[in-house]
Amino acid sequence: EQLSNKLSIHVITADTYGSVSEKLKHLACNLHIIGNKNQDIEKLNYLKKLDSSTTVAIGNGRNDLLMLKEAVIGIGVIQQEGGCGQLPAISDIVCNSIYDALNLFLYPSRIIATMRN
């Protein structure tokens, strides 16, 4: 809830398990469920519509790679279901869960610590 007050949240998903609408019903977000074809391109085009130079993307699958690479910050998550093998190489930040990824916005010094060189 605290995140949705500060950010514009867009969820673009293939909804593999058919449960995303129910799980997000209490979150103020824009939900876009994509079809079965060209998922990576559809996600990339959606990101570009939002302005990839100001948008952070979070994902774990092969269909997220183009979007993660294009976003100003691409956050790969490797959760219980795993993550695409290319994910660490494409992502700017890799997290153990979506919760860890979203917490980066509550504690932005974590982003700074991870991204500095």
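Biologist: Which residue just after α3 takes a positive phi?
Modeller: This is a predicted model. Just after α3, the phi is positive, at about 95°. The residue there is D51.

Biologist: What distance separates the end C-alpha atoms of helix α3?
Modeller: Helix α3 covers residues 39-50, which makes 12 residues. At 1.5 Å a residue, α3 should span 16 Å. The model agrees with that, because the end C-alpha atoms are apart by 17 Å.

Biologist: Do the buried residues of α3 lie on the same side or on opposite sides, and what arc do they cover?
Modeller: Buried here means under 20% relative accessible area. In α3 that applies to Q39, K43, L44, Y46 and L47. They lie on the same side of α3, because around the axis they cover an arc of only 160°.

Biologist: Which elements do the buried residues of α3 pack against?
Modeller: Two of the partners are strands and one is a helix. The buried residues of α3 pack against β1 (10-13), β2 (30-33) and α4 (65-70).

Biologist: Which helix gives the most to the largest nonpolar core?
Modeller: The largest nonpolar core has 11 residues, among them Y46, L47, L65, M67 and L68. At least two residues of this core come from α3, and at least two from α4. With three residues, the helix that gives the most is α4.

Biologist: Which residues does L87 touch, leaving out those up to four places away in sequence?
Modeller: L87 belongs to the largest nonpolar core. Its contacts include L65 and L68, which are also in that core. The full set is G59, N60, L65, L68, G76, V77 and I78.

How values were computed:
Residues are numbered from 1 along each chain as its sequence is written. This is a predicted model: local features need pLDDT of at least 70, side-chain atom pairs count only at pLDDT 80 or more; totals for chains, interfaces and linings use all residues. Side-chain values use heavy atoms; hydrogens and water are left out. Helices (H or I, at least four residues) and strands (E, at least two) are DSSP runs, numbered from the N terminus. The expected span of a helix is 1.5 Å times one less than its number of residues. Buried means under 20% relative accessible area, exposed over 50%, partly exposed in between (1.4 Å probe, protein chains only). The arc is that of the directions from the helix axis to the C-beta atoms. Contact means heavy atoms within 4.5 Å. A nonpolar core is a set of buried Ala, Val, Leu, Ile, Met, Phe, Trp, Tyr and Cys residues joined through side-chain atoms within 4.5 Å.
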